[in-house]
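Student: I am new to this structure. Please take one helix, look at it closely, and then follow its surroundings through the rest of the chain.

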Amino acid sequence: MAAKALHVKLITASSKVSVAKRVAPFAEKHGITVAFHNHAVTKDPDDLASMDHFRQVLAMSSMFRINLDVAHYAASGFDAVAAVETLHDKITNMHVHDRKANDGASVPFGEGVTPAAQILKMNRDRGWKIPCFYELEYVGADGRGVVEETRRELDYEIRVLNEK
C-alpha cells in the first residue's frame with residue numbers, strides 16, 4: 001500500500017461506496033484513515049453524495065472518515081450546515097467553495113447556494129478546528145485569473161472569519 005510506504009496516517013479519496021467496502025480491510029490492517037470525498041452526483045446510487053452514503057461508508061470501518069465538500073453537498077440540494085453539525089467528529093477536512101443549485105457550476109463565493117460563511121463561522125465558533133481548503137473550480141474559460149480569484153476568495157474568507 002503506497003500510503004503505508006510513505007508513512008502517512010491519512011489519505012483522502014474520491015470513490016464509490018462499493019469501492020469503500022473493498023478498501024476497508026486494508027485501512028484496518030494498515031491503520032490508515034481514509035477520508036472519502038463527496039460529489040454532487042445524486043443520480044448514481046453508488047456515488048458518495050448523500051447523508052445515507054456517508055453513514056454507509058462510516059459503518060464499514062472505524063478507519064473511515066469524510067472529506068466533506070460542502071459546495072458539492074449544497075449543489076446536490078442537501079443541507080450542508082446540517083451535514084457539518086451531524087458529522088463534525090468524522091470530518092477530517094472540508095472543501096469550501098460555492099456552486100449553483102442542481103449540480104450547477106462552481107462560482108465565486110456569494111453567487112451560489114453554499115452556506116460557506118455559516119460553515120466557516122460554525123467551525124470557528126464551536127472550536128472544531130476542521131481544516132478548510134478553498135477549492136478554485138470556476139476559473140479558466142471565463143477569463144478570470146487564478147491568482148486574482150484566489151486572492152479575492154481568500155479575502156472573502158478572512159472577512160467572514162473576522163466577523164462576529
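Tutor: Buried here means that a residue has under 20% relative accessible area, exposed means over 50%, and partly exposed lies in between. The model is a predicted one, and every value below is computed from it.

The helix to look at is α7, which runs over residues 146-162. Helix α7 has 17 residues, and the distance from its first C-alpha to its last is 24 Å, close to the 24 Å expected at 1.5 Å a residue. Its buried residues are Glu-149, Glu-153, Tyr-156, Glu-157 and Val-160. These residues are on the same side of α7, because they cover an arc of only 95° around the axis. The spacing of such residues follows from a general rule. An α-helix has 3.6 residues a turn, so residues three or four places apart point the same way. The face of α7 turned away from the buried side carries the exposed residues Val-147, Glu-148 and Asn-162.

What lies over the buried side? The cover of the buried residues of α7 includes strand β4 (91-96), helix α6 (116-125) and strand β7 (132-134).

One of the buried residues deserves a closer look. Glu-153 has a relative accessible area of 1%, so it counts as buried. The side chain of Glu-153 forms a salt bridge with that of Arg-152, at 2.8 Å from N to O. Arg-152, at 35% relative accessibility, is partly exposed. This pair therefore joins a buried residue to a partly exposed one.

From α7 the path leads to β4, one of the elements that cover its buried residues. His-95 is found in strand β4, and it counts as buried at 15% relative accessibility. Its side chain makes a polar contact of 3.1 Å with the side chain of His-37. Neighbours within four places in sequence left aside, His-95 is in contact with His-37, Asn-67, Leu-68, Asp-69, Val-70, Ala-71, Phe-133 and Glu-135.

Two of these contacts of His-95, Leu-68 and Val-70, lead on to the nonpolar core. The largest nonpolar core has 34 residues, and the members that touch the most others are Phe-54, Phe-64, Leu-68, Val-70, Met-94 and Ile-119. Helix α5 (residues 80-87) gives the largest share of this core, 5 residues. As for Phe-64, residues up to four places away in sequence are not counted, and it touches Ala-20, Val-23, Ala-24, Ala-27, Val-34, Phe-36, Val-57 and Leu-58.

Helix α5 can be read in the way used for α7. Its buried residues are Ala-80, Val-81, Ala-83, Val-84 and Leu-87. They are on the same side of α5, because the arc they cover around the axis is only 160°. What covers them includes α3, β3 (64-69), α4 (70-75), β4 and α6. Strand β4 and helix α6 thus appear in the cover of α5 and also in that of α7. At the N-terminal end of α5, Asp-79 acts as a cap, with a side-chain oxygen 3.1 Å from the backbone nitrogen of Val-81.

Helix α3, named in the cover of α5, holds a salt bridge of its own. The side chains of Asp-52 and Arg-55 meet at 4.0 Å, N to O. These two are 3 residues apart in α3 (residues 51-60), so about one helical turn separates them. Asp-52 is exposed, at 53% relative accessible area, and Arg-55 is partly exposed at 49%.

A further salt bridge joins the side chains of Arg-99 and Asp-103 at 2.5 Å, N to O. Arg-99 counts as buried at 7% relative accessibility, while Asp-103 is partly exposed at 44%. Arg-99 is also among the contacts of Ser-106, along with His-97, Asp-98, Glu-137 and Tyr-138, when neighbours within four places in sequence are left aside. Ser-106 sits in strand β6 (residues 106-107) and is buried, with a relative accessible area of 16%. Its side chain makes a polar contact of 2.8 Å with the side chain of Glu-137.

In total, the model has 10 salt bridges.

Key
Residues are numbered from 1 along each chain as its sequence is written. This is a predicted model: local features need pLDDT of at least 70, side-chain atom pairs count only at pLDDT 80 or more; totals for chains, interfaces and linings use all residues. Side-chain values use heavy atoms; hydrogens and water are left out. A nonpolar core is a set of buried Ala, Val, Leu, Ile, Met, Phe, Trp, Tyr and Cys residues joined through side-chain atoms within 4.5 Å. Buried means under 20% relative accessible area, exposed over 50%, partly exposed in between (1.4 Å probe, protein chains only). Helices (H or I, at least four residues) and strands (E, at least two) are DSSP runs, numbered from the N terminus. Contact means heavy atoms within 4.5 Å. A polar contact is a pair of N or O atoms within 3.5 Å; within protein, one must be able to donate a hydrogen and the other to accept it, and residues adjacent in sequence count only if both atoms are side-chain atoms. The expected span of a helix is 1.5 Å times one less than its number of residues. The arc is that of the directions from the helix axis to the C-beta atoms.
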